[in-house]
Amino acid sequence: ITSIADTYALERRADAVEAMECSRDVDLLCGRWELLATTQARGAGLLRAMRRDPALGRVDVFQDIRRDNDKDALRLDNIITVSRDDDGWRSAWTLLSPGTRSSLVLRHAAAVEGTRVRASLEGIEVDGTRVGEAPQTIAALPLPGIASEAGAFDNTYVDGALRIARSSGDVLRVFGRIS
């Protein structure tokens with residue numbers, strides 16, 4: 001969402017959903033979530049162009065949340081995937097071979113405090129595919145010495161299909177459950 005009118009419309013709809021009763025069960029957060037909409041403008045121009053014109057390639061943004069070995073701890077991975085489905089010249093900017101994809105994964109340790117999730121960056125990973133093959137790790141960089149709080153956000157609504165999160169600067173993100 002980049003226009004002011006669209007931002008206001010999304011905010012009104014999110015406010016209406018957030019006013020409904022929702023569960024505070026941490027297990028309901030666990031799963032793969034696809035970013036459906038956000039009021040964060042950074043990078044939105046390219047994403048919007050690619051959603052309108054798939055010949056440019058495809059970008060998908062996911063958030064994986066799962067229980068860690070410690071019952072109270074969570075793992076949170078933010079995943080940005082760029083795909084090139086065909087060999088048209090308009091998607092050549094991705095530097096990917098046709099029919100392949102590559103992902104940047106930001107790996108976090110996370111803890112839930114009420115509705116707030118606090119995440120600390122622990123490492124980054126880049127993976128990619130070759131035509132007809134499963135993704136393989138290209139590079140992984142653990143960040144144990146510089147790990148700090150990477151961010152915090154409030155889950156203001158979550159159910160089996162939809163999650164609404166708000167972070168500092170009142171950035172609104174709406175996610176749909178994939179699994």
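## Overall fold

Residues that lie 24 or more positions apart account for 54% of the contacts in the chain with a separation of 6 or more. This is a statement about a predicted model, and the same holds for every value that follows. The chain contains two helices and nine strands, and from the N terminus on these elements run in the order α-β-α-β-β-β-β-β-β-β-β. The radius of gyration of the chain is 17 Å, close to the 16 Å that the globule rule gives for 179 residues, so the chain is as compact as a globular protein of that length.

Along its principal axes, the C-alpha trace of the chain spans about 50 × 40 × 30 Å. Of the 179 residues in the chain, 39% count as buried.

## Surface and charge

The chain exposes about 10200 Å², and carbon and sulfur atoms supply 56% of that area. The chain carries 24 positive and 27 negative charges, and the mean positions of these two groups are 3 Å apart.

## Nonpolar cores

In soluble globular proteins, nonpolar side chains tend to be buried together. In this model, the largest nonpolar core has 13 residues, and those with the most contacts inside it are Ile65, Leu76 and Val117. The elements that give two or more residues to this core are β1 (31-38), β3 and β7 (149-158). A second, separate core consists of eight residues, including Ala14, Cys22, Ala37 and Ile164.

Valine 117, which is listed among the residues with the most contacts inside the largest core, can be followed through its individual partners. Leaving aside its neighbours within four places in sequence, valine 117 is in contact with Leu29, Leu76, Ala110, Ala111, Val112, Gly151, Ala152, Phe153 and Asn155. One of these partners, Leu76, is itself named with Ile65 and Val117 as having the most contacts inside that core.

## Two acidic residues in helix α1

Glutamate 11 has its place in helix α1, which covers residues 4-18, and aspartate 6 is found in helix α1 as well. Glutamate 11 has a relative accessible area of 15%, and because buried means under 20%, this residue counts as buried. Aspartate 6, in turn, counts as partly exposed, because its relative accessibility is 41%.

When residues up to four places away in sequence are not counted, glutamate 11 touches Thr39, Arg166, Asp170 and Leu172. Glutamate 11 and glutamate 113 are 102 residues apart in sequence, and their C-alpha atoms are 24 Å apart in space. For aspartate 6 and leucine 104, the separation is 98 residues in sequence and 28 Å in space, again from C-alpha to C-alpha.

## The loop between β3 and β4

The loop between β3 (74-84) and β4 (100-113) holds serine 97, and leucine 95 and glycine 99 are found in this loop too. Leucine 95 counts as exposed, because its relative accessibility of 77% is over the 50% cut-off. Serine 97, at 44% relative accessibility, counts as partly exposed, and glycine 99, with a relative accessible area of 46%, is also partly exposed.

Most residues other than glycine have a negative phi. Leucine 95 has a phi near 60°, which is a positive value in a residue other than glycine. Glycine 99, leaving aside its neighbours within four places in sequence, is in contact with Arg84 and Asp85. The C-alpha atoms of glycine 99 and valine 131 are 5.8 Å apart in space, although these two residues are 32 residues apart in sequence. Serine 97 and glycine 57, which are 40 residues apart in sequence, have a C-alpha to C-alpha distance of 11 Å.

Terms used
Residues are numbered from 1 along each chain as its sequence is written. This is a predicted model: local features need pLDDT of at least 70, side-chain atom pairs count only at pLDDT 80 or more; totals for chains, interfaces and linings use all residues. Side-chain values use heavy atoms; hydrogens and water are left out. Helices (H or I, at least four residues) and strands (E, at least two) are DSSP runs, numbered from the N terminus. The radius of gyration is taken over C-alpha atoms; the globule rule is 2.2 Å times the number of residues to the power 0.38. Buried means under 20% relative accessible area, exposed over 50%, partly exposed in between (1.4 Å probe, protein chains only). Contact means heavy atoms within 4.5 Å. Accessible areas come from the Shrake-Rupley method with a 1.4 Å probe; for residues, only the protein chains shown count as cover. Lys and Arg count as positive and Asp and Glu as negative; His and the chain ends are not counted. The place of a charge is taken as NZ of Lys, CZ of Arg, CG of Asp or CD of Glu. A nonpolar core is a set of buried Ala, Val, Leu, Ile, Met, Phe, Trp, Tyr and Cys residues joined through side-chain atoms within 4.5 Å.
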